[in-house]
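User: I'd like to go through this one with you, starting with the rings and then moving to the core. Could you take me through it?

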Amino acid sequence: MMGSAKICHCFRRLLENDHELNAYQSLREEAAEAFQPEADWTDPGALQKLVRINSTIRESLRHSPLAVRGVLREVMPKDGLTLPDSKNFARGTWSGVPVQALQVDDRFYERPEEYDPFRFAKTAGDTERLEAIQISGIFLSFSYGRTAWLVILLFPVLILVASAAVE
């Protein structure tokens with residue numbers, strides 16, 4: 001259910017802003033080029049060619065993260081946990097990272113309020129590959145838990161199939 005909602009959100013954001021960028025057509029062209037022979041649909045390596053689609057997914061997740069809090073952890077020591085600034089968390093307290101706040105922080109993203117589907121394609125160089133599911137200290141769209149394979153393999157394919165159907 002969550003996946004289909006995110007795909008709908010991704011397309012809604014993309015189409016809302018498409019008059020300026022012609023992004024939708026650009027994504028269709030990228031997909032057509034990446035999957036020239038029909039056999040490429042079964043080749044996971046073909047997904048590596050989808051730099052703009054990956055960027056669009058990543059930007060959609062940045063603009064509308066799956067969770068507002070992430071990396072939730074419970075304090076386990078009997079004496080609690082004392083931070084370097086002397087704040088103390090009692091045992092049983094839950095803490096986490098404000099994911100949504102990080103995604104719109106101008107210290108980390110230029111013009112964070114704007115939806116730019118190619119934001120991450122512009123920063124992906126030859127040495128740094130930014131995948132839709134790649135997390136960092138400021139981009140926490142997914143974890144590398146037991147269901148990460150589902151996101152890594154299926155989410156880009158679902159986007160492609162949906163974009164082909166919308167033509």
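Analyst: What follows covers the aromatic rings, the core and one helix. This is a predicted model, in which local features need pLDDT of at least 70, side-chain atom pairs count only at pLDDT 80 or more, and totals for chains, interfaces and linings use all residues. Residues are numbered from 1 along each chain as its sequence is written, and side-chain values use heavy atoms, with hydrogens and water left out.

User: OK, which residues form an aromatic pair, and with what geometry?
Analyst: Tyr-109 and Phe-120 do, edge-to-face, at 6.2 Å centre to centre with 85° between the planes; rings of Phe, Tyr and Trp (its six-membered ring) pair if their centres lie within 6.5 Å, and planes under 30 degrees apart count as stacked, over 60 as edge-to-face and the rest as tilted.

User: And what does the pair tie together?
Analyst: Tyr-109 lies in the loop between helix H5 (99-103) and helix H6 (119-123), while Phe-120 is in H6, so the pair links parts eleven residues apart in sequence; helices here are DSSP runs of H or I, at least four residues, numbered from the N terminus.

User: Which charged ends sit over those rings?
Analyst: That of Arg-58 sits over the Phe-120 ring, 4.7 Å from its centre, and that of Arg-62 over the Tyr-109 ring, 5.0 Å from its centre, the criterion being NZ of Lys or CZ of Arg within 6 Å of the ring centre and within 35 degrees of the ring normal.

User: Switching topic, which helix gives the most to the largest nonpolar core?
Analyst: H3 does, with five residues.

Conventions:
Helix = DSSP H or I, 4+ residues; strand = E, 2+ residues; numbered from the N terminus.
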